[in-house]
Each structure stands twice: as structure tokens, then as C-alpha cells.
Amino acid sequence: STWTVEQLFAAMLIGSDNRAAHALARTSPGGTEVFIQKMNTKAKAMGLTHTTFVDASGLNPQNMSTPRDIALLTAYAAQSEPIRTYSTQTQYALSTRLSFRNTNRLVRDRLWSQLWISKTGFTNEAGRCVAMMGMWGTQPILLVLLDSHSTKARENDANTLQRWFAGLQSKVMIQ
């Protein structure tokens, strides 16, 4: 099959397709090794001092980061229109026979109707994670949740924080 960079990017962000991430790295100028070197160089330039990439998909257990670095990366990524669009899109048809549904059910939840960016992840080492940014009332909020034991627990944690923040914000507005 032949796919464009945009199609692979969409499959990677909407459907969490790791094959798309590997294909992007493999076919970039210089191949996977150069691609990963550029990822690490960019991370250091962004001040992500505790982040190291060893593969393009994030599945290798030697990939490392911290909540702070993930928050910085999320804020940076939120400046990109394609990342904002694809990370919050509910589905994407790559072809008539191949489509992806966003693996993050939070993007379909009306509690999260003002998301700018949202990306889930999972490894055995990190558990189920999510990084997201959006508006809650009049305030921008960036949320990084790591090591949930299940997808449902990750969603429950995010929804609990969203409801807490909404309650907190209404108390501030009343006073």
C-alpha cells in the first residue's frame, strides 16, 4: 500500500496506529535512526530534560519521560493545527476498506467538548496514560494522567478531575 505522510499522521494520532509511526520514521530522510535522533534533538531544544526516545512509536520500554516533560510537549503540540485536529477527531477513513476510530473515548464525551488536543498511550511500564489540553469554562487546562490500571480507570480519573475543576470554577465565579 502507498499512503501519504498526512494519512499516516492521521492514522497515528486518531487510531494510535504504531505501524504508521514506524512507517513515517522508516521513510523519512535518513531513515529511522536519523528520525529518532531528530526527535531527541528537538526534545532537548524544547527543554524536555528528562525525555529520551529510542523508537518512533513510544512502545520501547527504554523510552523515558516525566509528567512535566509530557505537559511541555502537549502544550507545544497544541500549537499545531494538524495535531489538534487529528488528536480530537473521532474517526478517519484511510481508504474505503480501512478506517480508524479514535482510541480515546474522551474525545466523544460531551464533558470534553472543548478539547484542543488529546492523546492516550499504553505500555506495561507506564500503564494507561493520557495527555490533553483544552478549555474548561474560561480557563485553559493541561492534564497529564499516568499509570491508570485500565482504560476505564483513566477515563474515570479524567472525568473526576473535569467535574472537580468545573465545581471549583463555579465557586470562584460565585464569590
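Two strands count as paired here if DSSP finds at least two bridges between them. Helices (H or I, at least four residues) and strands (E, at least two) are DSSP runs, numbered from the N terminus. With that in hand, let us walk through the model.

This is a predicted model: local features need pLDDT of at least 70, side-chain atom pairs count only at pLDDT 80 or more, and totals for chains, interfaces and linings use all residues. Residues are numbered from 1 along each chain as its sequence is written, and side-chain values use heavy atoms, with hydrogens and water left out.

**The sheet**

Three strands make an open sheet in the order β3-β4-β5, and their pairing is antiparallel. β3 and β5 (139-148) are the edge strands, each pairing on one side only. From one strand to the next, the twist averages 5°; the axes behind such angles are lines fitted to C-alpha atoms (for helices over the stretch in contact), and the angles run from 0 to 180 degrees between N-to-C directions.

Strand β3 (residues 115-123) meets strand β4 (residues 127-136) over eight antiparallel bridges, and a hairpin of three residues joins β3 to β4. β4 and β5 also pair in the antiparallel sense over eight bridges. Their hairpin has two residues between the strands, and G137 in the turn has a positive phi of about 70°.

Some of the facing residues are set out below.

| Residue | Opposite residue | Strand of the opposite residue |
|---|---|---|
| L115 | G134 | β4 |
| S118 | M132 | β4 |
| K119 | A131 | β4 |
| M135 | P140 | β5 |

Is β4 enclosed or open to the outside? Eight of its ten residues are buried, so β4 is largely enclosed by the rest of the structure. Buried means under 20% relative accessible area, exposed over 50%, and partly exposed in between (1.4 Å probe, protein chains only).

**The nonpolar cores**

A nonpolar core is a set of buried Ala, Val, Leu, Ile, Met, Phe, Trp, Tyr and Cys residues joined through side-chain atoms within 4.5 Å. The largest one has 17 residues, and L8, A10, I14, I83, Y86, Y92 and I117 have the most contacts inside it. At least two residues of this core come from each of α1 (5-15), α2 (18-27) and α5 (81-88), with α1 giving the most, five residues. A second, separate core has eleven residues, among them L106, L115, L143 and A158.

I117 has contacts (heavy atoms within 4.5 Å) with residues including T74, A77, I83, A131 and M133, not counting residues up to four places away in sequence.

**Helix α5 and the loop after α2**

Which residues of α5 are buried? They are I83, Y86 and S87. These residues lie on the same side of α5, because they cover an arc of only 95° around the axis, the arc being that of the directions from the helix axis to the C-beta atoms. Their cover includes α1, α4 (67-77), β1 (91-93) and β3.

S28 sits in the loop between α2 and α3 (31-45). This serine is buried, at a relative accessible area of 16%. A polar atom of the S28 side chain lies 2.9 Å from the backbone oxygen of A25.

Conventions
A polar contact is a pair of N or O atoms within 3.5 Å; within protein, one must be able to donate a hydrogen and the other to accept it, and residues adjacent in sequence count only if both atoms are side-chain atoms.
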